[in-house]
Amino acid sequence: MRIFGKIKKVDSEKRIITVETKYRLYLIYFKRSLMNKYKYFLFKNNLIDLEIVDPEVHFGYRVFNVHYITTIKSLTNGVTYFDRKSLVESLGTILTSSKYYMYLDLEKTMPPYNYKGNFNSEIIQLAFLLEDKDGNEVARYNNYVKPVINPYLNLRTSKFLNLDTKEFNQKSILPAKVYKDFKHFLKKYHPAIIVYGKNDILSLKDFYRFNRFESLMPISRIINISSLIVEHYHHDKELGLFNLYEMFYHKHFIQKHDAYDDAVITSFVYKAFVKDVLNQK
């Protein structure tokens, strides 16, 4: 339900605001993350336009939960403190401003079963699909990578990724070769690198560090669509790449834990997300 009105009271400790509309007063409850995001704009007499859902009881009060906020502005001077439409327009620009897009996915080693202690997870498959801004394929890349810290795949890793150890040892190439190839594509095309989740970003950083390579992060424009989707659709948590694929396309895709397959699914999810964002502008 969407309401528009004037903020009459703010209880920052309980994270509850009182909003007066034309017809009634509403008590609105903010989750901690939302309160931290909007607390600088939530002042008495500011006007607020928001979507609310699911009345619940918090601190003994029957309150509505915030689904999302459309605008917050000052009643006295007309200054707009927050405008969701402007954010959507900015997001659309961010998502469509590159000439090339690299949909990247990585598979990593896992600690052995019942392992105790620290384990350095290493990239053992790096794959990407590179396209131009019109969606035309420019290149595809898919290689197994020899791990250096724990050079032999354990049972848990090989089983989870459905890898034959002998085949992996025959097909995997040295990290230096993968690094050289990756650097070549980054420098030639300067793509926006599209990943799902922050783990791949952290794994790239570890890859450079473990192998003592010069970091390519300064020339890597990485877009984590997982966090953008959570923010844009006001989800409480990540839905998962394959759940999002089903949500956007109404099709089921069996996950094989293969980096190239996941890179392709990432491209589908990204394109559907971009289309939806642009339609909201």
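Two strands pair if DSSP finds at least two bridges between them. Helices (H or I, at least four residues) and strands (E, at least two) are DSSP runs, numbered from the N terminus. The model is predicted: local features need pLDDT of at least 70, side-chain atom pairs count only at pLDDT 80 or more, and totals for chains, interfaces and linings use all residues. Residues are numbered from 1 along each chain as its sequence is written, and side-chain values use heavy atoms, with hydrogens and water left out.

**View 1. Strand S7 and its two partners.** Strand S7 covers residues 100-108, and 8 of its 9 residues are buried (under 20% relative accessible area, 1.4 Å probe, protein chains only). Strand S8 (residues 123-132) runs antiparallel to S7 and is joined to S7 by 9 bridges. Here Met102 stands opposite Leu130 in S8. With strand S10 (residues 192-195), S7 pairs in the parallel sense over 3 bridges. In that pairing Tyr101 stands opposite Ala192. In a regular strand the side chains alternate between the two faces of the sheet.

**View 2. The open sheet.** The sheet has 5 strands in the order S9-S8-S7-S10-S11, and the pairing is mixed. Strands S9 (137-144) and S11 (221-224) stand at the edges; each has a single partner strand, so one side of each is left without a neighbour in the sheet. From one strand to the next, the twist averages 20° (axes are lines fitted to C-alpha atoms, for helices over the stretch in contact, and angles run from 0 to 180 degrees between N-to-C directions).

**View 3. Two helices on the sheet.** Helix H7 (residues 225-233) packs on the sheet and touches S10 and S11 (contact means heavy atoms within 4.5 Å). The direction of H7 makes about 45° with that of S11. Helix H9 (residues 259-279) also packs on the sheet, touching S7, S8, S9, S10 and S11. The direction of H9 makes about 140° with that of S7.

**View 4. Two loop residues with positive phi.** Most residues other than glycine have a negative phi. Phe59, in the loop between strand S4 (47-58) and strand S5 (61-73), has a positive phi near 55°. Asn162 also has a positive phi, near 55°, and lies in the loop between helix H3 (155-160) and helix H4 (165-171). Asn162 is exposed (over 50%), with a relative accessible area of 68%.
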